[in-house]
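User: Could you pick one part of this model and take a really close look at it for me? I'd rather have one connected walk through a single region than a tour of everything.

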Amino acid sequence: MKDENAVYSYTSNQAVEDGILFDMNEMKGLINDVEKGIFSHITSNLLFSKGYMKEGEDINLPNLVDLLNQCGKIMKKKIMLDSFYSGEIELPNGEKQMIFIELNETGRFTILLPEDH
């Protein structure tokens, strides 16, 4: 939904170009129906700093699928669909981490760390 009173907007596509977000569509062929899923983006900070991907290497696919599953469970805890969710996940190293899941302009959701909000 476009806000006609907005002074400035920053789209998910611009954030992908700037390296702030990772576009889940890059996982086509690796994750079934990723382009139809509810998650469209993940912050690069979450991917690179929490063990899902290392700079210059391929994404750790099993860990990424686990992240998506955990986020789906957080969203299912609410009775009605909402535009913002928060919850705790288990990172690949076993630590617990608070995350946010927020509706973006694509009509799908972005997964992010609280400090990325």
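Analyst: **Around β2**

Let's go with strand β2, residues 39-43, which is mostly covered: five of its five residues are buried. Keep in mind that this is a predicted model.

Start with the strands on either side. β1 (residues 21-23) is joined to β2 by three bridges, and the two run antiparallel. β5 is also linked to β2 by three bridges, but that pair is parallel. Ile-42 is a handy place to see both pairings. Phe-22 stands opposite Ile-42, and the bridge partner of Ile-42 in β5 is Ile-111.

Now for the loop that leads into β5. It runs between β4 (96-103) and β5 (109-112), and Arg-108 is found in it. Arg-108 is buried yet makes no salt bridge: Asp-23, its nearest side chain of opposite charge, is 6.0 Å away. Why doesn't that pair count? The cut-off for a salt bridge is 4 Å from nitrogen to carboxyl oxygen, and Asp-23 sits 6.0 Å from Arg-108. What Arg-108 does have is a backbone partner in β2: a polar atom of its side chain lies 2.9 Å from the backbone oxygen of Phe-39. Beyond its sequence neighbours up to four places away, Arg-108 touches a run of residues including Val-34, Gly-37, Ile-38, Phe-39 and Ser-40, and also Glu-102 and Leu-103.

Asn-104 lies in that β4-β5 loop too. It counts as buried because its relative accessibility is 13%, and the limit is under 20%. Its side chain makes a polar contact with the side chain of Thr-106, at 2.3 Å. Setting aside neighbours within four places in sequence, Asn-104 is in contact with Ser-40 and His-41, as well as Ser-12, Phe-109 and Thr-110. Ser-40 is thus touched by Arg-108 and by Asn-104.

What packs against β2? Helix α3 (residues 61-76) does: its buried residues pack against β2, along with α2 (44-49), β3, β4 and β5. Those buried residues are Leu-64, Leu-67, Leu-68, Gln-70, Cys-71, Gly-72, Ile-74 and Met-75. In a helix of this kind, residues three or four places apart point the same way, since there are 3.6 residues a turn. With 16 residues, α3 reaches 23 Å from its first C-alpha to its last, close to the 22 Å expected.

Two of the elements packed against by α3 are β3 and β4, so here's how they look, with the rule about what "packs" means being heavy atoms within 4.5 Å. β3 (residues 84-90) has a covered face of Tyr-85, Gly-87 and Ile-89, while Phe-84, Ser-86, Glu-88 and Glu-90 make up its uncovered face. Seven bridges join it to β4, antiparallel, and Phe-84 has Glu-102 as its bridge partner there. The two strands form a hairpin with five residues between them, and Gly-94 in the turn has a positive phi of about 95 degrees.

One salt bridge belongs to this hairpin's strands: the side chains of Glu-90 and Lys-96 meet at 3.7 Å, N to O. Glu-90 is partly exposed, because its relative accessible area is 38%, whereas Lys-96 counts as exposed at 52%. Contrast that with Arg-108, which is buried and has no salt bridge.

Definitions and conventions. Residues are numbered from 1 along each chain as its sequence is written. This is a predicted model: local features need pLDDT of at least 70, side-chain atom pairs count only at pLDDT 80 or more; totals for chains, interfaces and linings use all residues. Side-chain values use heavy atoms; hydrogens and water are left out. Helices (H or I, at least four residues) and strands (E, at least two) are DSSP runs, numbered from the N terminus. Buried means under 20% relative accessible area, exposed over 50%, partly exposed in between (1.4 Å probe, protein chains only). Lys and Arg count as positive and Asp and Glu as negative; His and the chain ends are not counted. A polar contact is a pair of N or O atoms within 3.5 Å; within protein, one must be able to donate a hydrogen and the other to accept it, and residues adjacent in sequence count only if both atoms are side-chain atoms. Two strands pair if DSSP finds at least two bridges between them. The expected span of a helix is 1.5 Å times one less than its number of residues.
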